[in-house]
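Trainee: Can we go through this model together? I'd like to start broad and then look at details.

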Amino acid sequence: MNSVNSAILDPNVGWLILAIFSVIWVWLGWFWGRKAKALDDYMLAGRRVGIALGTATAMATWVTSNTTMVAPQLAFQLGIWGMLGYSLGSVGLMLFAPLARRIRQLLPFGYTSGDFIRLRYGIWTWRVFLVISLCYAIGWLISLGMAGGVLIHALTGIDYQLGMTVILTICVLYTLLGGLRAVIGTDFIQTLLIIGGVVALAILTINKIGFDAMHESLLAERPELLNLLMPAAVMFLFNNLLFGVGEIFHSNVWWSRAFAFRKDVGFRAYLLAGIIWVPIPIVAGFVALAAPALGLNVPAADMVGPMVAAELLGFGGAVLVFIIVFSALASSLDSLLAATGDLVLQDIYRGHLNPQASDEKLRIMAKRIVIMLGIITWLICLPRITTLASLLHYLGAFVASTIWPVVAGLYWRRTTASGALLAMVLGITTGLLAYHFIGFYVAALVSAVVSMSVVLINTALSQSRFDWEQLRQSEEGSPS
């Protein structure tokens with residue numbers, strides 16, 4: 001891929017932007033991390049996060065680099081339904097709002113999503129769930145690291161591996177210093193940058209090229225992108241909706257926030273975050289539809305967003321896109337590092353290897369785990385083996401299989417451990433088969449339908465009655 005010569009920003013400008021924001025984020029991580037003395041402070045920000053920070057961290061975390069780079073890619077490949085379908089990811093945030101309130105009620109002292117699965121469904125279902133969660137978390141980390149390298153390379157010509165390394169190192173450093181306190185604090189600032197930048201980008205794009213010129217170019221060169229009945233695009237619409245719901249319902253990124261928010265905050269924070277998030281991928285995808293009008297030669301679909309913005313808006317546009325996506329990258333990478341670190345610490349290290357570990361030992365291990373996750377992500381990102389969208393949608397079969405076991409476990413007493421386990425295993429299996437034999441746009445859909453069927457049948461036939469008080473064992477903090 002040779003895009004160095006077409007880069008809009010000089011590499012020195014790219015390095016300057018990276019340096020400025022790196023210093024800011026690392027300093028803020030240290031500043032907020034000073035107050036994170038106890039384990040609860042480091043992992044869950046003291047469980048006292050309010051509505052403003054709560055909404056900002058949920059929204060900023062969900063506006064990933066994938067939102068700002070995969071949404072243009074999907075608009076470029078699937079047309080209008082590509083960007084509108086991606087915006088349905090907001091449904092997952094809004095549907096998680098009542099779950100967040102329920103989670104806080106049932107597990108007031110929980111740490112991770114794994115705590116709930118272990119206490120509700122037992123050890124074997126817990127272990128299968130951990131495999132799913134860790135596969136997804138590593139996959140998401142890889143896609144974020146790749147997105148960082150792609151962005152920097154497309155806009156500045158800086159080598160992909162070097163740019164990816166810098167962004168990963170920055171996020172590991174300030175997450176290491178401040179834990180969830182630093183993550184949530186920086187998310188608030190990153191939210192303001194993302195919203196302000198996206199609004200400015202939309203206004204500049206419309207003024208520069210206009211709707212009529214874009215429409216005419218699309219009709220002449222890529223008419224299929226305007227076809228609202230394109231079969232693959234319609235299937236993607238529903239697939240992405242379920243993928244987004246599965247991502248949020250199972251992931252410890254969102255559960256850790258449910259535990260960190262004050263008791264009265266979770267519902268409102270997730271609902272507001274979902275509403276605010278809706279227009280972000282639409283605007284990001286809209287920019288990609290200008291590619292035919294500009295006559296751009298796009299070497300890789302996942303580079304179309306940065307390339308169009310840089311070509312359309314020149315130096316200022318390139319700087320703006322750089323800041324938006326860098327903020328989105330950081331807001332998601334730090335959250336994922338912290339939440340995945342918590343899952344490994346609580347459910348692998350404490351749950352399987354050292355149940356009697358002291359809080360001081362756990363604090364030390366928490367930092368080592370964050371470093372380890374950063375190194376693993378870096379090693380896998382180096383060769384850039386796939387595109388962002390294909391990597392993400394491969395994981396759709398995994399996460400969609402967990403939707404119904406999670407929801408049923410939170411609200412229905414009759415759903416059993418064997419039913420939840422079978423639903424996840426069959427959902428993943430059929431989803432992956434659909435991915436390989438039909439297409440990426442049906443993997444999550446098939447997985448969710450099969451998993452739902454198993455859970456509903458199991459619940460209808462079951463005679464068991466789960467005692468909700470068993471979930472309060474999580475107050476002890478370790479597996480029983």
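Mentor: We'll take the overall make-up, then a helix pair, then a pocket.

Mentor: This is a predicted model, where local features need pLDDT of at least 70, side-chain atom pairs count only at pLDDT 80 or more, and totals for chains, interfaces and linings use all residues. Residues are numbered from 1 along each chain as its sequence is written, and side-chain values use heavy atoms, leaving out hydrogens and water.

Trainee: How many helices and strands does the protein chain have?

Mentor: There are 22 helices and zero strands, taken as DSSP runs numbered from the N terminus (H or I, at least four residues, for helices; E, at least two, for strands).

Trainee: What share of the residues is buried?

Mentor: Of the 480 residues, 61% are buried, meaning under 20% relative accessible area with a 1.4 Å probe, protein chains only.

Trainee: Switching to helix 8 and helix 17, which residues meet?

Mentor: I138, L141, I142, G145 and M146 in helix 8 meet L373, T377, I380 and C381 in helix 17; contact means heavy atoms within 4.5 Å.

Trainee: What classes are those residues?

Mentor: Seven are nonpolar, two polar and none charged. Here Ala, Val, Leu, Ile, Met, Phe, Trp, Tyr, Cys and Pro count as nonpolar, Asp, Glu, Lys and Arg as charged, and the others, Gly among them, as polar.

Trainee: And the largest pocket, which helix gives the most to its lining?

Mentor: Helix 9 (residues 160–208), with four residues. The lining divides into six nonpolar, one polar and three charged residues.

Conventions: Buried < 20%, exposed > 50% of the residue type's maximum accessible area, 1.4 Å probe, protein only.
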